[in-house]
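Let's take a friendly walk through the strands of this fold and how they pair. Have the chain open in your viewer as you read.

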Amino acid sequence: MIIVTVNDRLGTKAQIPCMASDPVKVFKAMVAAKIGRPVHEIMLKRQGERPFHDQLSLADYGVSHGVQIDLELNTGD
């Protein structure tokens, strides 16, 4: 079990317990439940990198305990 911090860069941070082997799609569902937003609006990435792909795992992106991931909301505007 690891704890990943999700930062929306607007002053809100959420700590999400998960497994490094969890697919990004499953992790997005956990984030959505925690922050109260629909899954399809959530885009996760590390600062300066491309958005994470749903089919890959967190471990594929080198996410481990204590890592911070940026959250961007893709509302289609």
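This report follows the sheet from its overall order to its pairings and then to the helix beside it.

Keep in mind that this is a predicted model. Its four strands make an open sheet with mixed pairing, and the order across it is β2-β1-β4-β3. Which strands stand at the edges? They are β2 (13-18) and β3, and because each has a single partner strand, one side of each has no neighbour in the sheet. On average, neighbouring strands of this sheet are turned by 35 degrees against each other, direction ignored.

Here are the pairings, one per row.

| Strand pair | Sense | Bridges |
|---|---|---|
| β1 and β2 | antiparallel | six bridges |
| β1 (residues 2-7) and β4 (residues 68-73) | parallel | three bridges |
| β3 (residues 42-45) and β4 | antiparallel | four bridges |

As a reminder, strands of a sheet pair through backbone hydrogen bonds, in either a parallel or an antiparallel way.

A few residues help you find these pairings on screen. Start with I3, which stands opposite P17 in β2. Moving on to the parallel pair, N7 has D70 in β4 as its bridge partner. For the antiparallel pairing of β3 with β4, look for M43, which stands opposite E72 in β4.

Now back to the pairing of β1 with β2, antiparallel over six bridges, and on to the helix. Where does helix α1 (residues 24-35) pack? Helix α1 packs on the sheet and touches β1, β2, β3 and β4. The direction of α1 makes about 135 degrees with that of β2.

Note on methods
Residues are numbered from 1 along each chain as its sequence is written. This is a predicted model: local features need pLDDT of at least 70, side-chain atom pairs count only at pLDDT 80 or more; totals for chains, interfaces and linings use all residues. Side-chain values use heavy atoms; hydrogens and water are left out. Two strands pair if DSSP finds at least two bridges between them. Helices (H or I, at least four residues) and strands (E, at least two) are DSSP runs, numbered from the N terminus. Axes are lines fitted to C-alpha atoms, for helices over the stretch in contact, and angles run from 0 to 180 degrees between N-to-C directions. Contact means heavy atoms within 4.5 Å.
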